[in-house]
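Please open the model in your viewer and keep the sequence beside it, since this tour moves from one selection to the next.

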Amino acid sequence: MDHGLFGPDSVTWKVMGEPILLVGGFRALLMQGLHPRAMRGVAQNSALMDPAEAWSRFLRTTEFVRVRTYGTTDEVARAGARVRKIHAALTALDLDTGERFRLDDPAALLWVHVGEVDSYLSVARRAGVRLSDSEADRFVAEWRRAAEVVGLRPEDVPGSVGEMDDYIRSCRPGLYFAPEVPHPLRQSLNAPLPARLTALKPMFPMITLLAFATLPRWARRLYGLPGSPLGDLWATASLRALHTGIGLVPAPVRYSPDARRARKVVSGRAA
């Protein structure tokens, strides 16, 4: 059976189906927002700032993550080809240097990739998803396959938690929140949802605030927010409480259809 990039023996399938990873997805966007080229590439070429189109863009991004995680090899290849074609065709202006760059700039793509992997892993472990250190390293290594889908070379991508931490540390001097981009916390107060989902609007500031709190202290400070140890403690306690509460919901409701199918395959393999 074609399980795509990962499959039942992967740590990725163990982690990615957990609903608490929604917070990790928001955290990944916040990490992306601290790379000026990555953020300007998005802001200058998409409907990110257009309330009428933002929800559609969010759904497309969610679908890409779903296909990349659970799709067949052919589905992943098609999704990756679409993304690479879009990135190759678009450019943005670096306001610091005056240089125009392509959206498939490897440095920006690598930061976005690492921010995503780091966010999923950090949120999962702090929420209480049980992962050993070796499983955490395997998770990072497995996502080299996902990096290749967007056009990166696997050998250029961190393959362990230690390598990932070293890479993030090396990038820190060049990171900042671009001043011309609206602050995501302020945007979350008026999330651009379709009318049928208006009742969910109060959730977005809360999820965004929790995602901010899960960032490293230095990253929170770059957004102009407090970066204190108390914030770390609050974030971890909140993640654990939320993950525990979600765990009380029956599995057929708690997990997405793809996650349920993956869990069924994993259970069958174990049996």
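**First stop: helix H2**

In this predicted model, begin by selecting residues 21-32, which form helix H2, a run of twelve residues that reaches 16 Å from its first C-alpha to its last, close to the 16 Å expected at 1.5 Å a residue. Nine of the twelve residues of H2 are buried, so this helix is largely enclosed by the rest of the structure. To see them, show the side chains of Leu21, Val23, Phe26, Arg27, Ala28, Leu30, Met31 and Gln32, and mark Gly24 as well, for these are the buried residues of H2. Now bring in the partners: the buried residues pack against several helices, among them H1 (11-16), H3 (36-43) and H6 (106-127). Helices H10 (184-188), H11 (203-214) and H13 (229-246) also belong to this surrounding set.

**Second stop: Ser10**

Select Ser10 next, in the segment before H1. Is Ser10 buried or exposed? With a relative accessible area of 8%, which is under the 20% cut-off, Ser10 counts as buried. Its side chain reaches the backbone oxygen of Gly7 at 2.6 Å, and the Ser10 side chain also reaches the backbone nitrogen of Trp13 at 3.2 Å. If neighbours within four places in sequence are left aside, Ser10 is in contact with Arg138 and Glu142.

**Third stop: salt bridges**

The structure holds 21 salt bridges, and three of them are visited here. Side chains of opposite charge can pair when their charged atoms come close.

Start with Asp96 and Arg40, whose side chains meet in a salt bridge at 3.3 Å, N to O. Asp96 lies in the loop between strand E1 (91-93) and strand E2 (100-102), whereas Arg40 is in helix H3, so the pair ties together parts that are 56 residues apart in sequence. Arg40 is buried, with a relative accessible area of 4%. If you widen the selection to Arg37, Arg40, Asp94, Asp96, Glu99 and Glu180, you will have the residues that are linked in a network of salt bridges.

Move on to Arg68 and Glu116, where the side chains meet in a salt bridge at 2.5 Å, N to O. This pair links distant parts of the chain, with Arg68 in helix H4 (residues 51-70) and Glu116 in helix H6, 48 residues apart. Both Arg68 and Glu116 are buried.

Then select Glu163 and Arg144, which meet through their side chains in a salt bridge at 3.7 Å, N to O. Glu163 lies in helix H9 (residues 161-171) and Arg144 in helix H8 (residues 144-149), so the pair ties together parts that are 19 residues apart in sequence. Glu163 is partly exposed, with a relative accessible area of 39%, and Arg144 also counts as partly exposed, at 27% relative accessibility.

**Last stop: the second largest pocket**

Finish at the second largest pocket, which has a volume of about 330 Å³. Of the 17 residues that line this pocket, the closest to its centre are Trp13, Lys14, Glu18, Tyr255 and Arg263, and selecting these five will show you where to look. Which helix gives the most to the lining of the second largest pocket? Helix H15 does, with five residues, and if you colour H15 (257-270) together with H1, you will have marked two helices that each supply at least two residues of that lining. Trp13, whose backbone nitrogen the Ser10 side chain reaches, is among the residues closest to the pocket centre, which links this stop to the second one.

How values were computed
Residues are numbered from 1 along each chain as its sequence is written. This is a predicted model: local features need pLDDT of at least 70, side-chain atom pairs count only at pLDDT 80 or more; totals for chains, interfaces and linings use all residues. Side-chain values use heavy atoms; hydrogens and water are left out. Helices (H or I, at least four residues) and strands (E, at least two) are DSSP runs, numbered from the N terminus. The expected span of a helix is 1.5 Å times one less than its number of residues. Buried means under 20% relative accessible area, exposed over 50%, partly exposed in between (1.4 Å probe, protein chains only). Contact means heavy atoms within 4.5 Å. A polar contact is a pair of N or O atoms within 3.5 Å; within protein, one must be able to donate a hydrogen and the other to accept it, and residues adjacent in sequence count only if both atoms are side-chain atoms. A salt bridge is a side-chain nitrogen of Lys or Arg within 4 Å of a carboxyl oxygen of Asp or Glu. On a 1 Å grid over the protein atoms alone, a cavity is a set of points where a 1.4 Å probe fits but cannot get out, and a pocket is an open set with protein on both sides within 12 Å along at least five of seven lines; lining residues have an atom within 4 Å of a point. Grid points are joined across faces, edges and corners, and a volume is the space filled by probe spheres set on the points.
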